[in-house]
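The following exercises concern the fold and the interior of one protein. Please examine the sequence and the structure before reading each solution.

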Amino acid sequence: MMSAPLHLQIALDAPPERIYDALTTRLPDWFCEHADVSLNEKRYDYWGRYTPETPDRDAGRHPLLAAEANAALRYTWHVSGRDTEVDISLHPRQGRQVLLVHQTNVAQEHEVGALATEDFWFLSLENLRRYLDGKQIVRCDFSRSALGDIQHTVEIEATPETVFEALIKPEQIQRWFASRSSVVPVVGGLYDIGWGDKYGLLKILE
C-alpha cells in the first residue's frame with residue numbers, strides 16, 4: 001500500500017533561470033557530494049555522503065522522467081527500500097519563485113527512513129535558499145555516526161514570551177514543529193512531540 005506523498009515548498013528570491021541552473025548544473029554546491037546530470041540523456045544522478053543512505057555511484061542513478069527548462073523536473077529515487085518519484089516545480093508568486101517538491105511513495109511514519117527523507121528535504125531546501133543568497137550552507141554527513149551534541153542559534157523578531165509559548169504550549173508546537181504534542185511544563189516533565197517512545201522520549205531538564 002502506498003503512503004501519503006510528501007509535500008514541501010520554499011519561496012526564493014532569485015530568477016527561475018538561476019534556480020533551474022542550481023537544480024541542474026550546481027547540485028554539489030548545495031545538495032549533494034557528487035552529481036552527474038544530463039537532461040538530454042535523461043539522467044539525474046547524485047550520490048555520496050550528503051545523501052541519505054550514502055549511495056555510491058551505481059546506487060545514485062536516478063532516471064529523469066521529465067524536464068521543462070526553468071520550470072520543472074521529475075525523476076525517480078530509490079530510498080528507504082522504495083521506488084519514489086520526485087517532482088520539482090517552480091511557480092511565480094508576488095515577485096518571488098515558489099519551489100514545490102512533491103515526492104510519492106515515501107516511507108510512512110512508522111518505517112525506517114521516514115523522518116530522514118523529510119528532514120533531508122527541509123535541510124536541502126534551506127541550503128538552496130542560502131546558496132542562492134550567497135550564504136554558507138550546512139552539510140549533513142550521513143556517513144558519520146548520528147551520536148553527538150546539537151547546538152543551534154536562530155534570531156527571532158518576537159518577544160521572549162511569544163517565543164517561549166511557541167516552545168512550551170502544545171497547540172503552538174503543533175503549528176510549526178510537531179503533531180500530537182503533549183507537554184508537562186515542569187522540570188522533569190514529559191516533552192512529547194508526537195514521536196512516542198520509538199524515537200526516544202524527551203524530558204524537560206531546565
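**Exercise 1: Fold**

Task: state the order of helices and strands along the sequence.

Solution. In this predicted model, the elements follow one another as β-α-β-β-β-β-β-β-α-α-α-β-β. The protein thus contains 4 helices and 9 strands. Its C-alpha trace spans about 60 × 40 × 30 Å along the principal axes.

**Exercise 2: The largest nonpolar core**

Task: determine which residues of the largest nonpolar core touch the most other members, and which elements each supply at least two residues of this core.

Solution. Step one: the core has 31 residues, and Y75, L99 and W121 touch the most other members. Step two: at least two residues each come from strand 1 (6-12), strand 3 (43-47), strand 5 (72-79), strand 6 (82-93) and strand 7 (96-104), as well as from helix 1 (16-24) and helix 2 (114-132). Step three: helix 2 gives the largest share, 5 residues.

**Exercise 3: Surroundings of W121**

Task: which residues does W121 touch, leaving aside those up to four places away in sequence?

Solution. W121 touches L6, L8, F31, Y75, W77, V86, I88, V101 and Q103. Another core, of 7 residues, lies apart from the largest one and includes I168, Y191, I193 and I204.

**Exercise 4: Burial and contacts**

Task: what percentage of the residues is buried, and what percentage of the contacts with a separation of 6 or more links residues 24 or more positions apart?

Solution. Of the 206 residues, 34% are buried. For the contacts, the percentage is 44%. Turning to the surface, the accessible area is about 13,200 Å², and carbon and sulfur atoms account for 52% of it.

Note on methods: Residues numbered from 1 in each chain as written. Predicted model: local features only at pLDDT ≥ 70, side-chain atom pairs only at ≥ 80, totals over all residues. Heavy atoms only, no water. Core = buried A, V, L, I, M, F, W, Y, C linked by side-chain atoms within 4.5 Å. Buried < 20%, exposed > 50% of the residue type's maximum accessible area, 1.4 Å probe, protein only. Contact = heavy atoms within 4.5 Å. Areas by Shrake-Rupley, 256 points an atom, 1.4 Å probe, with all protein chains shown as cover.
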